[in-house]
Amino acid sequence: MNQKNAWNDLYMKHKRAWDGFADMLWITEHLKKGAEILELGVGNGKTLISLIKERYVCTGVDFSECAVGRIKERLLRTGEVERCRLIVSDVMNLPHDLGKFDAVIMIYLLNHLPLNHGRNLFESIPLLLKSGGMVFAEAFGPGDLRNSRGTKKRRGIMYRYHTIGEWKNLGGDGLELIDLKLLQREKRYGDKHVTRESIRGIWKRI
Ligand SMILES: C[S@@+](CC[C@H](N)C(=O)[O-])C[C@H]1O[C@@H](n2cnc3c(N)ncnc32)[C@H](O)[C@@H]1O
């Protein structure tokens with residue numbers, strides 16, 4: 001099964017995958033109200049819908065028609081569907097007329113791209129940014145509980161856990177790294193203690 005089909009399959013079987021509201025203060029504290037944001041790998045809209053509710057002007061891209069359809073359904077219910085643009089596309093082959101944004105965000109997208117695809121994607125991002133535009137990326141780190149399960153594929157979906165060292169070089173020549181953090185939390189599931197680990201990176205267009 002190819003990756004797009006695997007994701008469509010997951011969204012069809014799990015209607016409420018990644019529902020709820022997102023932690024986005026680490027992004028919005030850098031942006032003016034009404035800023036134009038492009039989310040790559042928007043999924044079924046957990047982050048995007050939270051940003052729309054805060055009055056940001058949002059465009060979301062995902063190659064899963066099913067995920068994008070879910071966002072439309074949710075925004076139709078709240079009468080907010082006109083307040084964002086949704087595009088079905090592979091992030092590795094984006095339409096040329098997307099426009100320019102104050103910020104490009106990728107929330108748990110890079111966990112599903114090999115490192116060389118991530119690098120190629122980052123090379124294309126400066127063209128999508130206005131002057132002073134910023135990039136925000138978050139993904140699970142190699143120390144996360146998910147990585148200890150010993151499989152790099154679940155339900156046909158590919159998982160990658162890049163290291164903070166690998167992220168240091170992602171920006172290439174077009175983006176300056178502003179901040180890179182490894183976040184670790186110990187959690188308890190029943191009587192088991194587990195580690196959740198994520199990486200957050202912030203870059204600025206040079
Ligand atoms: C973990 S989900 C994203 C969750 C979402 N960003 C959020 O904050 O709720 C990852 C998403 O990336 C999308 N995706 C993975 N590879 C992609 C690609 N090459 N092009 C476009 N979308 C992709 C998947 O369809 C999936 O919806």
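In which helix is Y11 found? In this predicted model, Y11 is found in helix α1. Y11 counts as buried because 20 other C-beta atoms lie within 10 Å, and 20 or more is the requirement for that class. Along the chain Y11 and S64 are 53 residues apart, while their C-alpha atoms are separated by 8.4 Å.

Helix α1, spanning 3–13, also takes part in the surroundings of the ligand: α1 and α3 (46–53) are the elements that give two or more residues to the shell. The ligand is surrounded by 20 residues, and the closest are W7, G41, G43, K46 and T47. By residue class, the shell around the ligand consists of 11 nonpolar, six polar and three charged residues.

A series of parallel pairings links strands β1 to β5. Strand β2 (residues 57–62) pairs with strand β3 (residues 84–88) in the parallel sense over five bridges, with C58 opposite C84 in β3. Between these two strands the chain passes through helix α4 (residues 65–78), in a β-α-β crossover that is right-handed. On β1, β2 is again a parallel partner, and the pairing extends over five bridges. Within the pairing of β1 and β2, L40 stands opposite V61 in β2. The connection from β1 to β2 runs through α3 and forms a right-handed β-α-β crossover. Strand β2 is largely enclosed by the rest of the structure, because five of its six residues are buried.

Strand β1 (residues 36–40) is also paired with β4, in the parallel sense and over three bridges. The bridge partner of L38 in β4 is V104. Strand β4 itself, residues 101–107, is mostly covered, with seven of its seven residues buried. V104 recurs in the pairing with β5, where its bridge partner is V135. Six bridges join the parallel strands β4 and β5. From β4 the chain crosses through helix α5 (residues 115–124) to β5, and the handedness of this β-α-β crossover is right.

In helix α5, the residues G118, L121 and F122 are buried. Viewed down the axis of α5, the buried residues lie within an arc of 100 degrees and therefore line one face of the helix. The packing partner of these buried residues of α5 is β8.

The pairing of strand β5 (residues 129–140) with strand β9 (residues 192–205) is antiparallel and comprises seven bridges. V135, the bridge partner of V104 in the pairing of β4 with β5, stands opposite W203 in β9. Strand β9 is further paired with strand β8 (residues 175–189), in the antiparallel sense over 14 bridges. One of the positions in β9 is S198, the bridge partner of L183. The strands β8 and β9 form a hairpin with two residues between them. In the turn of this hairpin, G190 has a positive phi of about 65 degrees.

Strand β5 also contains F136. With 24 C-beta neighbours inside 10 Å, F136 is classed as buried, because the class requires 20 or more. When neighbours within four places in sequence are left aside, the contacts of F136 are I27, A103, I105 and I202. Of these contacts, I27 is 109 residues away from F136 in sequence, with a C-alpha to C-alpha separation of 6.8 Å.

Positive phi values also occur at residues other than glycine. R55, in the loop between α3 and β2, has a phi near 75 degrees. R55 counts as exposed because it has 11 C-beta neighbours inside 10 Å, the limit for exposure being 12 or fewer. R155 is located in the loop between β6 (153–154) and β7 (157–158). Its phi is positive, at about 50 degrees, although R155 is not a glycine. R155 is likewise exposed, with 11 other C-beta atoms within 10 Å.

Technical notes:
Residues numbered from 1 in each chain as written. Predicted model: local features only at pLDDT ≥ 70, side-chain atom pairs only at ≥ 80, totals over all residues. Pairing = 2+ DSSP bridges. Helix = DSSP H or I, 4+ residues; strand = E, 2+ residues; numbered from the N terminus. Right-handed = clockwise from strand over helix to strand, strands pointing away. Near = placed C-beta within 6 Å. Nonpolar A, V, L, I, M, F, W, Y, C, P; charged D, E, K, R; others polar. Arc of directions from axis to C-beta. Contact = placed C-beta atoms within 7 Å.
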